[in-house]
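Me: Please take a close look at one part of this model. I want the open sheet and what packs around it, then how that part sits in the whole chain.

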Amino acid sequence: TGTLYLVPTPIGNLDDMTFRAVKTLQAVDLIAAEDTRNTQKLLNHFDIKTKQISFHEHNTQARIPELLARLQNGEAIAQVSDAGMPSISDPGKELVKAAIEAGIPVVPLPGANAALTALIASGITPQPFLFYGFLPRKASEQTAALEGLADQPEAVLFYESPYRVAKTLRAMQAVFGERQAVLARELTKKFEEFIRGSLTELIDYAEASARGEFVIIVAPGAPKPAAVSTLPLKAQVQAKITAG
Ligand code: SAM
């Protein structure tokens with residue numbers, strides 16, 4: 001059988017393409033790309049001549065049987081998305097599952113990813129963290145999702161489209177209250193910027209100017225008062241009893 005390679009691509013800066021990613025895209029029989037025109041620019045830049053086939057969220061189910069057949073026939077296929085890691089808020093996961101079920105080797109390459117790149121320079125304690133990705137767009141579903149995250153002890157990482165950053169930050173503030181948060185803007189690009197502050201401060205920033213691509217990281221809230229006061233209280237009672 002062949003092999004399915006999962007190949008990350010740059011999230012803005014072409015120099016973030018790894019040597020192995022270039023070599024793999026050169027060596028495979030076929031590249032399954034989210035947007036073949038977009039990927040063609042990358043292939044041209046690195047002088048890669050491999051043929052492409054489109055593989056995106058709207059043709060995933062239709063394409064899987066064809067890709068599996070080619071893999072079973074011994075072909076090597078690389079799957080790429082428009083930017084960063086395939087499957088991370090991008091197409092890929094269904095193909096990966098199908099390949100695993102069919103007994104086809106799946107080989108992931110490490111590389112660019114917006115969430116982790118944002119996290120390591122955010123200044124927010126990086127572990128534990130929770131990667132959420134895109135929130136639902138529908139207001140009621142978005143609120144429900146945020147409520148489910150409100151008491152999580154982890155920093156939470158979100159993706160968001162540039163047009164909705166301010167609105168989403170307001171929705172977060174409505175559910176979480178005031179929190180420390182970070183906007184990581186235009187990572188790896190010319191106007192890369194980190195905006196660190198309270199949700200209120202970030203809302204002010206986003207309402208004034210929010211151009212480009214953003215990762216939003218929200219710090220965990222303070223632990224619930226009940227959870228912190230129970231232990232000392234018990235300990236106090238215990239101490240009293242012991243002192244008799
Ligand atoms: N697969 C990608 C990855 O591994 O990061 C994510 C793809 S997702 C469709 C696109 C979202 O990722 C954007 O809306 C934004 O939230 C985030 N993103 C991608 N590139 C970015 C960049 N250069 N700077 C900041 N955020 C970025």
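Reply: This is a predicted model. Start with the sheet itself. Five strands form an open sheet, in the order S3-S2-S4-S1-S5, and the pairing is parallel. Strand S3 (52-54) and strand S5 (106-108) stand at the edges. Each of these two has a single partner strand, so one side of each is left without a neighbour in the sheet. From one strand to the next, the twist averages 25°.

Now take strand S1, residues 3-6. Three bridges pair S1 with S5 in the parallel sense. One residue pair shows the register: Leu4 has Val106 of S5 as its bridge partner. S1 is also joined to S4, by four bridges, and these two strands run parallel. Leu6 makes a useful marker here. In S4, Leu6 stands opposite Gln79. In S5, Leu6 stands opposite Pro108. As background, strands of a sheet pair through backbone hydrogen bonds, either parallel or antiparallel.

Next, the helices around the sheet. Helix H3 (residues 60-72) packs on the sheet and touches S1, strand S2 (30-33) and strand S4 (76-80). The direction of H3 makes about 140° with that of S4.

Helix H1 covers residues 19-27. Ala21, Thr24 and Leu25 are its buried residues. Seen down the axis of H1, they fall within an arc of 95°, so they line one face of the helix. Phe19 and Ala27 are exposed, on the face of H1 turned away from its buried side. The cover over the buried residues of H1 includes three strands of the sheet, S1, S2 and S4. Helix H2 (36-45) is part of that cover too.

Now the hydrophobic side of the story. The largest nonpolar core has 35 residues. Inside this core, Ala118, Leu157, Val215, Ile217 and Val218 have the most contacts. The elements that give two or more residues to this core are helix H5 (114-122), strand S7 (155-160), helix H7 (165-176), strand S8 (180-185), helix H8 (199-208) and strand S10 (214-218). Apart from it lies another core, of 22 residues, including Ile31, Leu43, Ala78 and Ala99. Ile31 falls within S2 and Ala78 within S4, while Leu43 falls within H2. In general terms, nonpolar side chains in soluble globular proteins tend to be buried together.

Two details fill in the 35-residue core. The first is Leu157. Leaving aside neighbours within four places in sequence, Leu157 is in contact with Ala115, Ala118, Leu119, Phe129, Leu130, Phe131, Tyr132, Val215 and Ile217. The second is H8. Its buried residues are Leu199, Leu202, Ile203 and Ala206. Seen down the axis of H8, they fall within an arc of 105°, so they line one face of the helix. They pack against H7, S8 and strand S9 (193-198).

Last, the whole chain. Its secondary structure comes to nine helices and ten strands. The radius of gyration is 22 Å, well over the 18 Å that the globule rule gives for 244 residues, so the chain is more spread out than a compact globule. Along the principal axes, the C-alpha atoms fill a box of roughly 80 × 45 × 35 Å. Of the 244 residues, 32% count as buried. Sequence separation is the final point. Among contacts between residues at least 6 apart in sequence, 73% join residues at least 24 apart.

Methods
Residues numbered from 1 in each chain as written. Predicted model: local features only at pLDDT ≥ 70, side-chain atom pairs only at ≥ 80, totals over all residues. Rg over C-alpha atoms; globule rule 2.2 N^0.38 Å. Buried ≥ 20, exposed ≤ 12 C-beta atoms within 10 Å, placed from the backbone. Contact = placed C-beta atoms within 7 Å. Pairing = 2+ DSSP bridges. Axes fitted to C-alpha atoms, helices over the stretch in contact; angles between N-to-C directions. Core = buried A, V, L, I, M, F, W, Y, C linked by C-beta atoms within 7 Å. Arc of directions from axis to C-beta.
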